[in-house]
Amino acid sequence: MGKRGIKWGIFSMAILVFASCIILIIKLLSSPSNIYEVNVRLIPVQQDGKWGYINKKGEFVIQPQFSSADYFTEGLARVTDATGSVGFINKHGKYIIPSQYKSATIFSDGLAFVVKDCESPVCINKKGKIIFKLPQAELVGCFIDGLAPMVTKDGKGEFRLGYVNKKGKIVIQPQFSTGYYFCEGLAPVMNSDGKWGFIDKKGRWSIPPQFDEVLFFNEGLAPVRIGQKYGYIDKTGNMVIASQFDKAFIFSNGLAQVENGGKWGFINSKGQFVISPQFANAEGFLFSNLSSVISNDKHGFIDKKGKYSIVPQFDGAFPMVDGIAMVSQNGKWGIINKKGEMIVTPQFDNMLVPIRNLGLIRSDYYDCSKFLAEFLQNFARDRVSGLRAKATLGDLEKFQYPVTITQFSAYAYPNHQLTPDISLQSVEFEFDDETYGFSDTDWSFDRKYDNSLPIASVQYGFKVSERETSIAASLAKKISAIYGGKIQKHHQNRSIYIVSIPSENFNFIIVGFYGSIQMAAYFDKEIFEEELRSLKEEIAAGELDGSYDSVDEIKDENSEETGNDEDWDI
């Protein structure tokens with residue numbers, strides 16, 4: 001048998017692999033207290049790499065054991081275990097809804113959305129019972145005031161935002177480019193021209209799209225940007241505070257923080273400065289009558305008159321909630337009271353910002369039907385992309401892409417876009433013997449190809465824009481359904497699928513990782529078993545990282561940009 005084999009860790013084909021993803025990210029920069037304020041009786045803290053919960057005295061109520069943890073909302077907290085699975089615990093640390101999801105929203109209005117590996121979002125109640133499914137949703141968020149934002153793809157593959165009610169009925173059809181939650185009866189949304197306006201709960205324009213950027217209404221006013229400057233409008237759309245600020249945020253407790261000339265101050269509802277611009281940053285009076293501010297690279301707290309209630313002295317500080325604030329000194333986090341007294345000595349590696357984590361979660365489902373229809377022409381029980389199971393080297397003359405033949409393999413590099421998010425980059429045919437020999441002539445060595453040599457395997461390399469895990473799973477399911485084969489998912493890696501069809505002596509190995517899919521079809525059982533052994537050896541040696549998922553990586557990158565630690569922010 002000649003030298004051959006698939007290099008799964010680094011493809012034997014020269015494929016340029018990268019993950020490019022045009023993703024709708026719905027952001028929140030500030031939040032009104034009646035929607036986003038959390039209960040800080042139990043505070044998520046990190047110690048030695050694990051998250052647990054302490055009380056206001058700094059005592060552990062739930063020992064550190066999670067890879068991530070959220071604040072409790074409606075009696076339950078979303079946590080992630082060491083395997084990366086998400087579930088919900090009660091205040092005693094007991095799982096009420098087992099860790100079985102790839103992602104989940106927090107509970108809001110008694111409901112949460114959850115997503116399992118390679119499945120679409122479903123809505124559950126606090127007992128974990130499925131209320132309804134959203135198979136068409138690409139992204140979905142929490143319920144606020146009875147409506148949840150959801151994102152689908154239109155016929156052109158573009159993301160469109162709409163809203164669904166608590167019965168699973170889409171009450172506002174997906175039609176907007178992006179948007180926010182409903183607040184005070186209105187939701188800011190952007191049309192296809194890139195202009196922002198506000199809709200009511202029936203999806204009608206209450207304030208026509210005309211702004212370059214907006215936030216939501218709070219206390220009857222909303223910040224809007226026209227050109228390079230921010231001002232404020234009322235619910236009739238009238239500009240009540242002229243566009244004059246470099247940046248502006250929502251009103252809370254009667255004041256709004258604005259920036260001019262690189263310094264932050266506070267204005268009242270008439271647009272008058274109550275606290276002159278003087279701080280490097282200001283969080284606002286979201287949850288109390290004190291606002292954290294930054295001055296000379298230190299964090300402190302001011303009252304609504306601009307006087308220091310707690311002088312700047314901390315390396316970091318979160319908003320004051322329920323009479324306490326989390327602060328950091330020398331790389332450790334503790335808790336102070338409203339007087340600035342340290343009630344929990346800085347000792348924790350990290351604490352969670354006390355704002356409800358209202359985020360969008362992403363579907364993990366992919367249907368490969370269209371992709372297979374485009375790619376696997378004449379797919380039948382004895383054919384792969386037009387090649388019979390007993391195809392030979394000579395049959396490659398009729399292959400749909402130009403083929404280059406080497407001594408043990410043959411290659412094609414189509415770079416062919418099959419669907420909006422999958423392109424075929426390379427094809428490699430392998431043989432169990434040399435494709436040619438040499439015969440001496442007067443002038444040179446001539447290659448004599450053996451056109452009767454059977455093809456042992458065909459390997460396809462695809463570039464995908466996202467979701468290689470769920471694409472690999474969908475491919476395995478579709479191929480198994482066609483051939484009646486058995487699927488084996490590698491127990492350490494959700495991206496590796498093996499489809500065996502013993503009666504046909506025909507097998508597939510499908511691997512999805514790093515923005516790519518590689519699928520190999522084997523016509524030779526002995527070669528398949530050899531490749532399977534080689535693949536398992538690479539996994540055992542750690543050459544394939546089973547925890548990698550490109551969607552998660554892209555999500556993390558965007559989370560850093562939006563200041564969110566886990567979800568797609570809205």
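## Buried residues and helix H4

A residue counts as buried when its relative accessible area is under 20%. Keep that cut-off in mind as you explore this structure, which is a predicted model. In helix H4, the buried residues are Ile527, Phe528, Glu531, Leu532, Leu535, Glu538 and Ile539. Seen down the axis of H4, these buried residues fall within an arc of 135°, so they line one face of the helix. What do the buried residues of H4 pack against? Their partners are five strands: S43, S46 (455-464), S48 (496-501), S49 (506-513) and S50 (516-522).

Now look at the face of H4 turned away from the buried side: there you will find the exposed residues Glu526, Arg533, Glu537 and Ala540. H4 covers residues 525-540, and its 16 residues reach 22 Å from the first C-alpha to the last, close to the 22 Å expected at 1.5 Å a residue. The N-terminal end of H4 is capped by Asp524, which has a side-chain oxygen 2.9 Å from the backbone nitrogen of Glu526.

## Helix H3

Let's turn to helix H3, which runs over residues 468-483. Its 16 residues should span 22 Å at 1.5 Å a residue, and the end C-alpha atoms are indeed 22 Å apart. Of these 16 residues, 12 are buried, so H3 is largely enclosed by the rest of the structure. Among the buried ones are Glu468, Ile471, Leu475, Ile479 and Tyr483. Just after H3 comes Gly484, with a positive phi near 70°.

## Aromatic pairs

A pair of aromatic rings is described by the distance of the centres and the angle of the planes. The count for this model comes to 23 aromatic pairs. One of them joins Tyr180 and Phe216 edge-to-face, with 6.5 Å centre to centre and 80° between the planes. Tyr180 lies in the loop between strands S16 (178-179) and S17 (187-190), and Phe216 in the loop between strands S20 (213-214) and S21 (222-226), so the pair ties together parts that are 36 residues apart in sequence. Are Tyr180 and Phe216 buried or exposed? Both Tyr180 and Phe216 are buried.

Another edge-to-face pair is formed by Phe399 and Phe429, at 5.1 Å centre to centre and 90° between the planes. This pair links distant parts of the chain, 30 residues apart: Phe399 sits in the loop between strands S39 (387-388) and S40 (404-405), while Phe429 belongs to strand S43 (residues 422-431). Phe399 and Phe429 are both buried. Elsewhere, ring pairs link Phe113, Phe132 and Phe143 into a cluster.

## Ser409 and its contacts

Phe429 turns up again among the contacts of Ser409. Ser409 is part of strand S41 (residues 409-412). With a relative accessibility of 6%, Ser409 counts as buried. Setting aside neighbours within four places in sequence, Ser409 touches Thr404, Glu428, Phe429, Glu430, Phe431 and Thr435.

## Two nonpolar cores

How many residues make up the largest nonpolar core? There are 61, and those with the most contacts inside this core are Ile43, Tyr53 and Met351. Strand S2 (residues 50-54) gives the core its largest share, three residues. Apart from this core lies another of 41 residues, including Leu396, Leu418, Val499 and Ile517.

To explore the 61-residue core, you could begin with Ile43. Beyond its neighbours within four places in sequence, Ile43 is in contact with Gly52, Tyr53, Ile54, Asn55, Tyr71, Ile324, Met326 and Ile335.

Conventions:
Residues are numbered from 1 along each chain as its sequence is written. Side-chain values use heavy atoms; hydrogens and water are left out. Rings of Phe, Tyr and Trp (its six-membered ring) pair if their centres lie within 6.5 Å; planes under 30 degrees apart count as stacked, over 60 as edge-to-face and the rest as tilted. Helices (H or I, at least four residues) and strands (E, at least two) are DSSP runs, numbered from the N terminus. Buried means under 20% relative accessible area, exposed over 50%, partly exposed in between (1.4 Å probe, protein chains only). The expected span of a helix is 1.5 Å times one less than its number of residues. The arc is that of the directions from the helix axis to the C-beta atoms. Contact means heavy atoms within 4.5 Å. A polar contact is a pair of N or O atoms within 3.5 Å; within protein, one must be able to donate a hydrogen and the other to accept it, and residues adjacent in sequence count only if both atoms are side-chain atoms. A nonpolar core is a set of buried Ala, Val, Leu, Ile, Met, Phe, Trp, Tyr and Cys residues joined through side-chain atoms within 4.5 Å.
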